[in-house]
Amino acid sequence: PRPLSDIMAGESVEVTVLGNAQDGGYPQVGCMKDCCRKAREKPGLSRMPVSLGLKGADRSTHVFEASRMMSQQFDLWSSLGEVLWPPSSFCLTHAHLGHIDGLGLLGREAMGLRGVKVHCSDSMSSFVRQTPSLNILIEQGVIDLHVWNPMEEFELTEGCGFTVTAVPIPHRSELSDNHALIIRGPTKSLLFMPDHDSWAGTLIGDLGITQWLKEMKIDIALIDGTFWDYGEISHRDITEIPHPTVTETLGRLGEKNIGDPDIYFTHFNHTNPLFSERSIQTKKLLSMGWRVSEQGSVYYL
């Protein structure tokens, strides 16, 4: 990310990482293993479910994903600079727990907002309308659903200085389909892809990961890093929670070359050693030229 001093006032689009954990957060409820014990003993190690905060060139604010930890995420965001609240809009990638369980906070029981724009797919819109606890937000005028057309650019608000493009990405579709989101600012573009099933399902033809990103003209990519490897969840049926492991992704990527997009891993399960900057896994990832998307990081587009 470029230093803010390098960007002229009024031209920058800021993307802030409001969380980099998988849906359960870190520490995860019920986990008494060392990974979560350390985070309970040192609250500074805790991490919130994956989410982004966008600040447009017009200073409008927008949130990707609606986490139940929205209050703490707002506190984090506002600690880094002035943030207009409530945000002008939300974008939802899919219907799994950590990505939508904060929608109710917009309603009468909490913030009591009206007419909040929520951008999502047609499938996601149908899920909201068919779920009584969410549909009531529509009936009460709390949220105003806006359905995007996949692969077509759209603005979240006029004058925000960036566009969003939704890219269909295969991921467990028992509730809704799933999309990655491309944010194109004045000088750079960022891909937000916290969830997908497999690289075989996501990549087109024989394209490699960096080739795929280059074809979409991506400068910065925040990609699914849920599990380092499946050994960390040997007690679970991995067919129920498919994600490409970081080890597989690194095997496909190899070392970073000049001209490759900047790739940051995100959406970490509580068992993932990438939560520790001192782990051998983190050191290996960094040595290859790739990065961890840290909570509180800011990218300038």
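In this predicted model, the side chains of Arg 184 and Glu 153 come together in a salt bridge, with a distance of 3.6 Å from N to O. The two partners belong to distant parts of the chain, since Arg 184 sits in strand β8, which covers residues 179-184, while Glu 153 lies in the loop between β6 (143-147) and β7 (163-168), 31 residues apart. Arg 184 has a relative accessible area of 22%, and because buried means under 20% and exposed over 50%, this residue counts as partly exposed.

Side chains of opposite charge can pair when their charged atoms come close. The structure holds nine salt bridges, and a second one to look for joins Asp 101 to Arg 68, where the closest N and O atoms are 2.7 Å apart. This pair, too, links distant parts of the chain: Asp 101 is found in the loop between α3 (97-100) and β5 (116-120), and Arg 68 in the loop between β3 (61-64) and α2 (70-79), with their positions 33 residues apart in the numbering. Both ends of the bridge are partly exposed, Asp 101 with a relative accessibility of 26% and Arg 68 with a relative accessible area of 33%.

A further bridge connects Glu 174 with Arg 172, and here the closest N and O atoms are 2.8 Å apart. The two ends fall into separate classes of accessibility, for Glu 174 counts as exposed at 52%, whereas Arg 172, at 25%, is partly exposed. Elsewhere, Asp 34, Arg 37 and Glu 41 are linked to one another in a network of salt bridges.

From the charged pairs the reader can turn to the empty space inside the model. Rolling a probe the size of a water molecule over the atoms shows where empty space is left. When the whole structure is searched, one cavity of 30 Å³ or more is found, and the volume of the largest cavity is about 30 Å³.

Which residues line the largest cavity? The lining is made up of Leu 18, Val 63, Met 70, Gln 73, Phe 74, Trp 77 and Trp 85. Helix α2 provides four residues, the largest share of this lining, and α2 is also the helix, spanning residues 70-79, that stands at one end of the loop holding Arg 68. By character, the residues around the largest cavity divide into six nonpolar and one polar, with no charged residue among them. Since Gly and the residues that are neither nonpolar nor charged count as polar, the polar member of the lining is Gln 73.

Note on methods: Residues numbered from 1 in each chain as written. Predicted model: local features only at pLDDT ≥ 70, side-chain atom pairs only at ≥ 80, totals over all residues. Heavy atoms only, no water. Salt bridge = Lys/Arg side-chain N within 4 Å of Asp/Glu carboxyl O. Helix = DSSP H or I, 4+ residues; strand = E, 2+ residues; numbered from the N terminus. Buried < 20%, exposed > 50% of the residue type's maximum accessible area, 1.4 Å probe, protein only. 1 Å grid on protein atoms, 1.4 Å probe; cavity = no way out; pocket = protein on both sides within 12 Å on 5 of 7 lines; lining within 4 Å. Points joined across faces, edges and corners; volume = space filled by probe spheres on them.
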